[in-house]
Amino acid sequence: MKLYSTNNKDLRVSFKEAVFNSMPQDKGLYMPVEIPALDSDFIENIEKYSLPEIAYQVAATLLKDEIPVEDLKAIIEDAINFEAPAVKLDDHTFVLELFHGPSLAFKDFGARFMSRVMAYFLKDGEQLLDVLVATSGDTGGAVALGFLGVPNTRVTILYPEGKVSPIQELQLTTNGANIRAVEVKGTFDDCQALVKQAFADDELNTKFRLTSANSINISRLIPQTFYYFNTYAQLKKQGFKDVIFSVPSGNFGNIGAGLLAYKLGLPVKQFIAATNVNDTVPRFLQSGIYETKPSTQTYSNAMDVGAPSNWVRIMDLFSGNVDELKKVVTSYRFDDEETLNGIKAIDSKFDYVACPHTAIAYLAIEKFRNENPDDQSAAVFLSTAHACKFPDIFPTNIADKIEIPVQLKALESKAKHADQLSVDFESFKIYLLNG
Ligand SMILES: *Cc1c(COP(=O)(O)O)cnc(C)c1O
């Protein structure tokens, strides 16, 4: 697979280069030059395959020229070692649980695959890879747990003191080994500024091999296609043909992967991009005007994004043709009050506890069905995180039903360790140099 930049279609880089650069210098995003169709026999018989087998087929279709298939198989078996069940709630409504990985959020798919691909490309004897990440919560946990124990890598995670939830803090600070947590006396923006300055610093770049491993990395997008195929397989097994996916969206990486799956040949009838009041995309699909906004804080805080970084990828997949895009993608937005009502509706209708992000995806299905009363498709809403990560949002009667997953129980007994730093770059630099 060769890649170009969305800002320069003539550029050609290898997958390895795209993985280590994350972003082309022209500030576009990497996209595959060719999106080959998956083998039609495979799609027709997809219900016979398991998640790792499906993942392997999809990955090999894209990457077999870059990573020998046996190695790819090993990477997938190691990275995708947890389930992604589509749980049936009624006749034709399903919740796709993407939170069974170590950090209890769908970002585990991307982070685990990326870390192993990076480790694979770091041949024996190569310089250690230093991953620097600033996090406001979820990304940090997925990256920390994704890289934990991965050879030839070291991760430094900066998080704002007092501004991540207790569970997120546990996920960041109890790892040890090749993961260091740095608690910064400042905001998330301060953390991000420190990381950016480190990437721009000559001395640090001479001494270390730095990478950001951030969410626009192409190696995070590819593994997120796996669960769309796998869900289709699960539904096909139950006799469904027409499938709709509703995706709670912030940076639009998750739904971008769904649309990549569609372009690879997955027969999906409709995608719904569900957002909170950070509604740049639903407004765009309504008005034709793409206007970003500063982000607004909501209950579904992992979706508080006013300028979705993966949107250019989606436009690129449709060659900039908005009419074609609108045939496949619908978009709705919901505010916090609606989100809370959605959580309550899912609880009373299905006796199921959904996190606020997940609730928004559910609401979008309800709205789609109201607008398309004759549609009989199986509708799947993606559950991007386990409800236990957002304990403060639920009314007590619902919060009491949340079961604490084993991943978390294991962390609770571990000692917390974080290094404390101010927002001053010089002290961060000395910290890294003394590494
Ligand atoms: C990151 C995240 C999202 C948003 O996903 P994008 O790929 O950025 O659209 C939604 N829900 C949860 C729980 C997340 O962590």
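Around the ligand, the shell of residues breaks down by class into six nonpolar, seven polar and two charged. This is a predicted model, so to speak a computed picture of the site. In that picture 15 residues surround the ligand, and the closest are Lys 107, Asp 138, Gly 250, Asn 251 and Thr 384.

Some of the contacts can be put in a small table. Each row pairs an oxygen atom of the ligand with a polar backbone atom of the residue named.

| Residue | Atom in the residue | Distance to a ligand oxygen |
|---|---|---|
| Phe 252 | polar backbone atom | 2.8 Å |
| Gly 253 | polar backbone atom | 3.1 Å |
| Asn 254 | polar backbone atom | 2.9 Å |

How much of the ligand does the protein cover? On its own, the ligand has 380 Å² of accessible area, and the protein covers 96% of that.

Next, the second largest pocket. There's about 290 Å³ of space in it, and 18 residues make up its lining. Lying nearest the centre of this pocket are Glu 97, Phe 99, Val 353, His 386 and Glu 403. Sorted by class, the pocket lining has 10 nonpolar residues, along with four polar and four charged ones.

Now for the domains, as the UniProt record has them. The unreviewed entry carries an annotation "domain: Threonine synthase N-terminal" for residues 4-79. Over that stretch the chain is 47% helix and 16% strand, with its end C-alpha atoms 26 Å apart. Further along, the record's annotation "domain: Tryptophan synthase beta chain-like PALP", also from an unreviewed entry, covers residues 96-379. Here helix makes up 48% of the span and strand 15%, while the end C-alpha atoms lie 10 Å apart.

Technical notes
Residues numbered from 1 in each chain as written. Predicted model: local features only at pLDDT ≥ 70, side-chain atom pairs only at ≥ 80, totals over all residues. Heavy atoms only, no water. 1 Å grid on protein atoms, 1.4 Å probe; cavity = no way out; pocket = protein on both sides within 12 Å on 5 of 7 lines; lining within 4 Å. Points joined across faces, edges and corners; volume = space filled by probe spheres on them. Nonpolar A, V, L, I, M, F, W, Y, C, P; charged D, E, K, R; others polar. Near = heavy atom within 4 Å. Polar contact = N/O pair within 3.5 Å; in protein donor to acceptor, adjacent residues only side chain to side chain. Areas by Shrake-Rupley, 256 points an atom, 1.4 Å probe, with all protein chains shown as cover. UniProt positions renumbered as here; feature names shortened; annotations may be inferred. Helix = DSSP H or I, 4+ residues; strand = E, 2+ residues; numbered from the N terminus.
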